[in-house]
Amino acid sequence: RFSARLDATRGWEPYYRRWVRTWESPAPDRLAVRDDYALACGTGVEFYWNTRQEVEILPGRVVLRGRTGLVTLTVPADCTVRLEELPLLEGVQRRIAICRAGTRGRLEIEVTIEDLDSEHRRLALGMAGGEAPAIYR
């Protein structure tokens with residue numbers, strides 16, 4: 001079990017009246033990241049997750065697919081998702097923005113990590129009768 005809390009307000013006073021981030025991980029495959037905030041300016045907040053993996057945006061969640069597993073970000077019902085592709089020297093970094101309107105409140109993102117066992121991995125990789133898609137090589 002892991003738990004941490006950070007009052008990030010100091011240094012961000014032009015933007016936040018209050019910003020407290022909490023991380024809770026009751027098990028190695030689960031993590032909750034919670035921001036309690038009150039804005040000094042602006043109309044909403046964004047939570048960023050950066051990855052080089054392929055990203056699929058589905059209703060209520062975002063799925064990142066890797067060679068041996070999946071990471072799922074749960075998107076709260078009052079939020080929207082934006083995906084940006086940022087150039088890197090070797091490839092692309094994808095920035096997932098989970099956006100919540102409102103000058104105060106709580107934004108909580110649940111993260112789950114799923115290790116694909118060999119049977120699931122073979123199915124995900126398309127090894128039943130063909131070559132694996134490029135994202136899994």
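Which side chain is joined to that of D35 by a polar contact of 2.7 Å? In this predicted model, the partner is R21, whose side chain meets that of D35 at 2.7 Å. The description below begins with the chain as a whole, returns to this pair and its surroundings, and then turns to the core, the pocket and two further residues.

The protein chain contains one helix and ten strands. Read from the N terminus, the order of elements is β-β-β-β-β-β-β-β-β-β-α, with the helix at the end of the series. Of the 137 residues in the protein chain, 34% count as buried. Contacts between residues distant in sequence were also examined. Among contacts that join residues at least 6 apart in sequence, 49% link residues at least 24 apart.

D35 is located in strand β3, and R21 in strand β2. D35 has a relative accessible area of 7% and is therefore classed as buried, the limit for this class being under 20%. R21, at 19% relative accessibility, also counts as buried because its value falls under 20%. Besides the polar contact of 2.7 Å with R21, the side chain of D35 makes a polar contact of 3.3 Å with the side chain of W19. When neighbours within four places in sequence are set aside, D35 is in contact with W19, V20, R21, F47, G105, R106 and L107. On the same basis, the contacts of R21 are A4, R5, L6, V33, R34, D35 and F47. F47 thus appears in the list for D35 and in the list for R21.

D36 lies in strand β3 as well. With a relative accessible area of 13%, D36 is buried. The side chain of D36 takes part in a polar contact of 2.7 Å with the side chain of R106. Separation along the chain and separation in space can be set side by side for D36 and G105: these residues are 69 residues apart along the chain, while their C-alpha atoms are separated by 5.8 Å. Leaving out residues up to four places away in sequence, D36 touches R18, W19, V20, G105 and R106. W19, V20, G105 and R106 are also among the contacts of D35.

The nonpolar residues were considered next. In soluble globular proteins, nonpolar side chains tend to be buried together. The largest nonpolar core here comprises 20 residues, of which V62, L64, L73, I96, I98, L107 and I109 touch the most other members. Two or more residues of this core are given by each of β2 (16-27), β3 (30-39), β4 (44-51), β6 (61-65), β7 (69-74), β9 (91-101) and β10. L73 may serve as an example of a residue in this core. Apart from residues up to four places away in sequence, L73 touches W49, G60, R61, V62, L64, I96, I98, I109, E110 and V111. Another core member, L107, is in contact with D35.

The largest pocket has a volume of about 280 Å³. Its lining consists of 16 residues, and those closest to the centre of the pocket are Y16, W19, V45, E46 and Y48. W19 is also the residue whose side chain forms the polar contact of 3.3 Å with D35. At least two lining residues come from each of β2, β3 and β4. The greatest contribution is that of β4, with five residues. Classified by type, the lining includes eleven nonpolar, two polar and three charged residues.

Two residues with higher accessibility values complete the description. W23 lies in strand β2 and has a relative accessibility of 27%, so it counts as partly exposed, a class that extends between 20% and 50%. W23 and V33 are ten residues apart in sequence, and their C-alpha atoms are 4.8 Å apart in space. Residues up to four places away in sequence being excluded, W23 touches F2, S3, A4, L6, L31, A32 and V33. A4, L6 and V33 are likewise among the contacts of R21.

D115 is placed in strand β10, which covers residues 104-115. Is D115 buried or exposed? Its relative accessible area is 61%, and D115 is therefore exposed, since this class requires a value over 50%. The C-alpha atoms of D115 and R67 are separated by 9.6 Å, although the two residues are 48 residues apart along the chain.

Terms used. Residues numbered from 1 in each chain as written. Predicted model: local features only at pLDDT ≥ 70, side-chain atom pairs only at ≥ 80, totals over all residues. Heavy atoms only, no water. Helix = DSSP H or I, 4+ residues; strand = E, 2+ residues; numbered from the N terminus. Buried < 20%, exposed > 50% of the residue type's maximum accessible area, 1.4 Å probe, protein only. Core = buried A, V, L, I, M, F, W, Y, C linked by side-chain atoms within 4.5 Å. Contact = heavy atoms within 4.5 Å. Polar contact = N/O pair within 3.5 Å; in protein donor to acceptor, adjacent residues only side chain to side chain. 1 Å grid on protein atoms, 1.4 Å probe; cavity = no way out; pocket = protein on both sides within 12 Å on 5 of 7 lines; lining within 4 Å. Points joined across faces, edges and corners; volume = space filled by probe spheres on them. Nonpolar A, V, L, I, M, F, W, Y, C, P; charged D, E, K, R; others polar.
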